[in-house]
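Subject: Structure handover and notes

Dear colleague,

I am passing on the structure below, together with notes on what came out of going through it. Please read the notes with the model open beside you.

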Amino acid sequence: MKDKQIIVVSGLPRSGTSMMMNILHQSGVEILTDSIRVADENNPKGYYEYEPVKKMSSDVSWIHLAENKAVKIIAQLLKYLPSSHHYKIIFMQRDIAEVIASQQKMLGKNMDAKNTDILVITFLKQIENIKAWLSKQTNIEIIFLNHKDIIYNTKEALNKLSIFLDNQSILNTGIKAIETNLQRNKITDSQ
């Protein structure tokens with residue numbers, strides 16, 4: 001791992017970022033987390049969050065604590081990453097309908113079709129803008145991994161990740177972190 005390199009696990013909320021953090025943790029990658037948000041029925045393995053990340057738009061003074069570790073940062077906050085470091089971003093992608101269904105279940109509410117459609121458009125536009133920004137950054141390497149591939153094509157997906165991070169442990173031990181029974185908000189016709 002390069003000096004001052006930071007592994008960032010990103011994506012929309014409920015896209016599999018906690019699952020990916022668990023995979024890295026199980027593989028021996030050091031994780032930056034404060035464990036303030038504890039495991040619950042929505043994330044039985046934990047959230048792997050670091051509270052200061054939520055205030056990145058105004059304060060990134062903590063970023064040095066993430067050097068040579070992995071930290072979870074939602075996609076919308078990536079543009080606040082300081083250019084002082086090299087980042088390897090694992091960007092989790094998931095069917096937008098599944099993301100919304102998971103968010104609604106977690107929040108305990110259902111949206112009507114009109115509001116769901118607006119949210120889909122908003123998320124797709126955010127992802128488009130984030131990808132455009134990422135493509136212009138010279139201090140960032142990125143791999144896009146699909147949530148469904150991690151679940152159903154685990155060895156192939158983890159092999160790609162192990163090559164990207166140059167960490168064979170991910171392929172050997174990360175597979176233990178995959179629990180298909182935890183995927184409760186899947187859209188079956190997209191399988």
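I begin with a tryptophan in a loop: the backbone oxygen of D59 lies 3.3 Å from a polar atom of the side chain of W62, a polar contact being a pair of N or O atoms within 3.5 Å, where within protein one must be able to donate a hydrogen and the other to accept it, and where residues adjacent in sequence count only if both atoms are side-chain atoms. Before going further, please note that this is a predicted model, in which local features need pLDDT of at least 70 and side-chain atom pairs count only at pLDDT 80 or more, while totals for chains, interfaces and linings use all residues. Residues are numbered from 1 along each chain as its sequence is written, and side-chain values use heavy atoms, with hydrogens and water left out.

W62 itself is found in the loop between α1 and β2, with helices (H or I, at least four residues) and strands (E, at least two) taken as DSSP runs numbered from the N terminus. With a relative accessible area of 5%, W62 is buried, where buried means under 20% relative accessible area, exposed over 50%, and partly exposed in between (1.4 Å probe, protein chains only). Leaving out residues up to four places away in sequence, W62 touches L32, Y50, P52, V53, M56, V71 and I73, contact meaning heavy atoms within 4.5 Å. One of these, P52, is 10 residues from W62 along the chain, and the C-alpha atoms of the two are separated by 7.3 Å.

As for the chain as a whole, there are 6 helices and 4 strands, and from the N terminus on the elements run β-α-β-β-α-α-β-α-α-α. Of the 191 residues, 46% are buried, and among contacts with a separation of 6 or more, residues 24 or more positions apart account for 69%.

W62 also appears in the largest nonpolar core, which has 27 residues and in which W62, V71, I73, L78 and I89 touch the most other members; such a core is a set of buried Ala, Val, Leu, Ile, Met, Phe, Trp, Tyr and Cys residues joined through side-chain atoms within 4.5 Å. The elements that give two or more residues to this core are β1 (5-11), β3 (86-93), α2 (96-107) and α3 (113-134), and the largest share, 4 residues, comes from α3. Apart from this core lies another, of 25 residues, among them M20, A70, L145 and I178. For L78, contacts beyond its neighbours within four places in sequence are made with V8, S10, I73, I89, F91, I130, W133 and L134.

M20 leads on to α1, where 8 of the 10 residues are buried, so the helix is largely enclosed by the rest of the structure. The buried residues of α1 are T17, S18, M19, M20, M21, N22, I23 and L24. Just after α1, G28 takes a positive phi of about 90°.

The loop between α1 (17-26) and β2 (70-72) also holds D34, which is partly exposed, with a relative accessible area of 25%. D34 touches E49, Y50, E51 and P52, again not counting residues up to four places away in sequence. A polar atom of the D34 side chain lies 2.7 Å from the backbone nitrogen of E51, and although D34 and E51 are 17 residues apart along the chain, their C-alpha atoms are separated by 7.0 Å.

Finally, a search of the whole structure finds 8 salt bridges, each being a side-chain nitrogen of Lys or Arg within 4 Å of a carboxyl oxygen of Asp or Glu. E30 pairs with K69, the closest N and O atoms being 3.7 Å apart; both residues lie in the loop between α1 and β2, so the pair ties together parts that are 39 residues apart in sequence. E30 counts as partly exposed, at 48% relative accessibility.

K54 forms a salt bridge with E49 (3.8 Å, N to O) and another with E51, where the closest N and O atoms are 3.3 Å apart. Salt bridges that share partners join R37, E49, E51 and K54 into one network. Within this network, E49 is buried at 16% relative accessibility, whereas K54 is partly exposed at 47% and E51 is partly exposed at 31%.

With best wishes
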